[in-house]
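Hi,

Here's the structure I said I'd pass along. Have a scroll through it first, then read my notes underneath.

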Amino acid sequence: MEYVTLGRTGLRVSVAGLGCGGFSRLGLGTGKSEAEAVALVRQALDLGVNLFDTAAVYGTEGVVGQAVKGVPRDSVVIATKAWIPRREGRSAAERAVASLDNSLKQLSTDYIDIFQLHGVSSRAYDQARDIIAPALLKEREKGKIRYLGVTETGSSDAEHEMVRRAVEAGVWDTVMVAFHMMHQNARARVFPLTMAHRVGTLLMFAVRNIFSKPERLATALRELTASRQLPRWVADTPNPLGFLIHEGGARTITEAAYRFVRHEPGVDVVLFGTGDPDHLRANIAAISAPPLPLADRQTLTKLFGHLVGVGLDPPYSMPGLTLG
Ligand SMILES: NC(=O)c1ccc[n+]([C@@H]2O[C@H](COP(=O)([O-])OP(=O)(O)OC[C@H]3O[C@@H](n4cnc5c(N)ncnc54)[C@H](OP(=O)(O)O)[C@@H]3O)[C@@H](O)[C@H]2O)c1
């Protein structure tokens with residue numbers, strides 16, 4: 001496992017971070033037991049993962065808390081999140097502090113390494129910065145939080161407007177950003193800013209449904225050719241991403257997807273979500289592998305570099321809201 005410094009936090013974190021939400025929620029979202037989910041987190045620890053990203057709404061904080069009980073607290077970086085509705089007004093601050101206190105309890109810990117506001121839209125950003133952040137900074141003085149972060153919404157903010165403002169505010173030490181083979185605009189719109197301000201980046205949506213479910217990819221390609229965002233031949237080709245699979249290249253599309261994001265300048269941690277021990281092993285291997293061959297990366301950029309907002313499916317059926 002490789003370790004990197006997470007922006008100005010100075011935290012040394014594994015480049016592969018276990019995402020405890022998404023569709024899998026460590027397996028709880030796909031019918032596995034809590035004991036299996038705890039075992040999955042321990043397997044990740046054994047393979048060198050030291051960053052775990054959970055959230056109040058995922059229902060996996062308790063699992064993470066149980067799994068890390070046996071290891072020194074300072075050997076893991078626990079990131080969690082509070083989701084605060086935009087219309088909360090002044091009470092947003094109390095709600096965020098209550099969420100923090102509940103997360104501490106669920107995780108059975110005295111402090112959260114990275115406390116993030118979850119899925120902040122561009123419209124909700126002023127509330128986050130002016131009302132919630134000051135309250136959380138007071139909690140930080142009490143030792144409950146080490147660093148503050150924000151995560152973007154994905155589907156309703158495909159141009160990363162919220163994160164672009166947050167990076168310059170000086171309050172948020174980390175941001176969570178969507179970036180993948182068919183949604184590459186963070187390269188120009190986000191990473192130059194995060195690198196300039198030394199804000200740590202956690203990557204989400206590297207694979208999601210679009211690269212783990214062939215039928216989902218086929219549907220997306222059909223829609224993109226119908227709307228003339230991609231040339232016709234792409235949807236007519238039986239295996240349009242097949243060029244990525246070859247000797248010296250990737251063995252699977254998911255491997256290609258994780259390798260593609262991992263080596264992008266400005267990306268610190270690649271979050272991967274799974275409930276499957278074999279996928280966990282394969283994903284860590286992919287994130288630890290060298291970059292995709294240059295010719296494959298160039299083809300991905302030429303074919304898909306102009307696409308925006310593709311494949312950012314929300315896991316929960318709340319319209320316009322992606323709480324990954
Ligand atoms: N707004 C937000 O704050 C937000 C939004 C989205 C995500 N996130 C964070 O980012 C994390 C990562 O996102 P994500 O969970 O969607 O992860 P992801 O890594 O992009 O996609 C995971 C999906 O792909 C499948 N998969 C994973 N590895 C596979 C493999 N090797 N072969 C085939 N299928 C595979 C998983 O199913 P299996 O269980 O079968 O492996 C799961 O359905 C989340 O867990 C969460 O922590 C945050």
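Below is what turned up, starting with the ligand and ending with the salt bridges.

One thing before you dig in: this is a predicted model.

Let's start with where the ligand is. It sits in the largest pocket. Three elements each give two or more residues to the shell around it: helix H10 (253-262), strand S10 (269-273) and helix H11 (277-288). The largest share comes from S10, with 3 residues.

Who are the neighbours? There are 29 residues around the ligand, and the ones that come nearest are Ser24, Asp53, Tyr258, Thr274 and His279. If you sort the shell by character, you get 10 nonpolar, 15 polar and 4 charged residues.

Now zoom in on some individual atoms. Asn283 has a polar side-chain atom 2.8 Å from a nitrogen atom of the ligand. With Gly275 the backbone is involved: one of its N or O atoms lies 2.9 Å from a ligand oxygen atom. Cys20 also uses a backbone N or O atom, which is 3.5 Å from an oxygen atom of the ligand. As for how covered the ligand is, on its own it has 900 Å² of accessible area, and the protein covers 91% of that.

Last up, the salt bridges. Searching the whole structure gives 20 of them. One to look at is the pair Asp113 and Arg73, where the closest N and O atoms are 2.8 Å apart. This pair links distant parts of the chain, 40 residues apart: Asp113 is in strand S6 (residues 112-117), while Arg73 is in the loop between helix H2 (61-67) and strand S5 (77-82).

Cheers

Note on methods. Residues are numbered from 1 along each chain as its sequence is written. This is a predicted model: local features need pLDDT of at least 70, side-chain atom pairs count only at pLDDT 80 or more; totals for chains, interfaces and linings use all residues. Side-chain values use heavy atoms; hydrogens and water are left out. A residue is near a molecule or strand if one of its heavy atoms lies within 4 Å of it. A polar contact is a pair of N or O atoms within 3.5 Å; within protein, one must be able to donate a hydrogen and the other to accept it, and residues adjacent in sequence count only if both atoms are side-chain atoms. Accessible areas come from the Shrake-Rupley method with a 1.4 Å probe; for residues, only the protein chains shown count as cover. On a 1 Å grid over the protein atoms alone, a cavity is a set of points where a 1.4 Å probe fits but cannot get out, and a pocket is an open set with protein on both sides within 12 Å along at least five of seven lines; lining residues have an atom within 4 Å of a point. A molecule sits in a cavity or pocket if more than half of its atoms lie within 2 Å of its grid points. Helices (H or I, at least four residues) and strands (E, at least two) are DSSP runs, numbered from the N terminus. Ala, Val, Leu, Ile, Met, Phe, Trp, Tyr, Cys and Pro count as nonpolar, Asp, Glu, Lys and Arg as charged, and the others, Gly among them, as polar. A salt bridge is a side-chain nitrogen of Lys or Arg within 4 Å of a carboxyl oxygen of Asp or Glu.
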